[in-house]
Every structure is written in C-alpha cells, then in structure tokens.
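Colleague: Could you take a close look at one helix of this protein and explain to me how its hidden side relates to the rest of the fold? Please take the reasoning step by step, as I am new to reading structures.

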Amino acid sequence: MIQVVPMKISHMHALKRSDNLFADANIDMTGDALLHAGVAFTIIDGDKILGCGGVVKKWNGVGELWIAVSAELKSHPIFLLRHTRKVIEMIRASGFHRLDMHIEAGNDQLQRWAEALGFTFEGTM
C-alpha cells in the first residue's frame, strides 16, 4: 500500500541521483539539510522508496518546494500530481502561506507539473 510518511535520511539515499526528475539546483539535495530545513516527506510502497519531497523554509510562512522521484514514480504522473496536491495541503496547514519553486530553464516537464499544481511563472533568473 502506498503511503506518505515523514522522510528519513535513508529514504533520500535510496533514490538514485540519476532517477531524480525534479531536483532544484538551488537546494542541497543530500537529504541531511532537507530533513531539518522544513517539512519533508516520503512516498513509500511497502519498503520501496518512490519519492521524497517537502519544503525548505525561506522565512516566516514562505518556503521553497522540492521533490525527487524514482523512475517508477515518473511513469505515473497523475498519481504523483494527486499525492503532491495532498502534501501541499499538509504543508500549507503547517503554516506556509506562500510556496516557491525554482525550475531550470528548459525543464518543460517540471514546468507543466508546477502549473498543474497551481504555480504561476514569475520570471527567469
């Protein structure tokens, strides 16, 4: 059964770096920093890690969303979108009123995913 559970450092290490679909270049993706920087979760199926994600607190009420997923989860974008929406609701309930996401130019897949989640394009850095 697929569940969303609190992230452990070992969950992030279980994902292959090459599998990560959405890895923000502005965030240290080692896991240690992410675990303590805000809200972090894991999508898990039994003992198989499908993905990790969360939000890094930038300042009071404002955070930056991040996610790293396995190749298996990449092949189920609708499932990923539904679960990410639920997690964003949990993140907002924990006190975040604004969430940002940095997307590398040319990453059309991530841009479409962000737009489906309700994010809007604000500019290019």
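Modeller: Let us take helix α5, whose buried residues are covered by elements that include β4 and α4. Please keep in mind that the model is predicted. The residues of α5 that count as buried are Leu110, Trp113 and Ala114. Viewed down the axis of α5, these buried residues lie within an arc of 100°, and therefore they line one face of the helix. A general rule helps here: an α-helix has 3.6 residues a turn, so residues three or four places apart point the same way. After α5 comes Gly118, which has a positive phi, near 100°.

The helix can now be placed in its wider setting. The largest nonpolar core consists of 21 residues, and Trp113 is among those with the most contacts inside it, together with Leu80, Ile91, Leu99, Met101 and Phe119. At least two residues of this core come from each of β2 (38-45), β3 (48-59), β4 (62-69), α4 (77-93) and α5 (108-116). The greatest contribution is that of α4, which gives five residues. As a general matter, nonpolar side chains in soluble globular proteins tend to be buried together.

Phe119 links several parts of the chain. Apart from its neighbours within four places in sequence, Phe119 is in contact with Leu65, Ile88, Leu99, Asp100, Met101 and Ala114. A second core, separate from the one just described, has 10 residues, including Met7, Leu15, Ile44 and Val56.

The strands deserve a word as well. Strands β2 and β3 run antiparallel and are joined by eight bridges. In this pairing, Gly38 has Val56 of β3 as its bridge partner, and Val56 also belongs to the second core. Two residues lie between the strands in the hairpin of β2 and β3, where Gly46 adopts a positive phi near 65°. Strand β1 (residues 2-6) is also antiparallel to β2, with five bridges between them. There, Val4 stands opposite Ile43 of β2.

A final point concerns the confidence of the prediction. The average pLDDT of the protein chain is 79, and 82% of the residues score at least 70. Among the elements, strand β5 (residues 98-100) has the highest mean pLDDT, 91, whereas helix α2 (residues 32-37) has the lowest, 63. Leu99, listed above among the residues with the most contacts in the largest core, falls within the range of β5.

Notes:
Residues are numbered from 1 along each chain as its sequence is written. This is a predicted model: local features need pLDDT of at least 70, side-chain atom pairs count only at pLDDT 80 or more; totals for chains, interfaces and linings use all residues. Side-chain values use heavy atoms; hydrogens and water are left out. A nonpolar core is a set of buried Ala, Val, Leu, Ile, Met, Phe, Trp, Tyr and Cys residues joined through side-chain atoms within 4.5 Å. Buried means under 20% relative accessible area, exposed over 50%, partly exposed in between (1.4 Å probe, protein chains only). Helices (H or I, at least four residues) and strands (E, at least two) are DSSP runs, numbered from the N terminus. Contact means heavy atoms within 4.5 Å. Two strands pair if DSSP finds at least two bridges between them. The arc is that of the directions from the helix axis to the C-beta atoms. pLDDT is the predictor's confidence in each residue, from 0 to 100.
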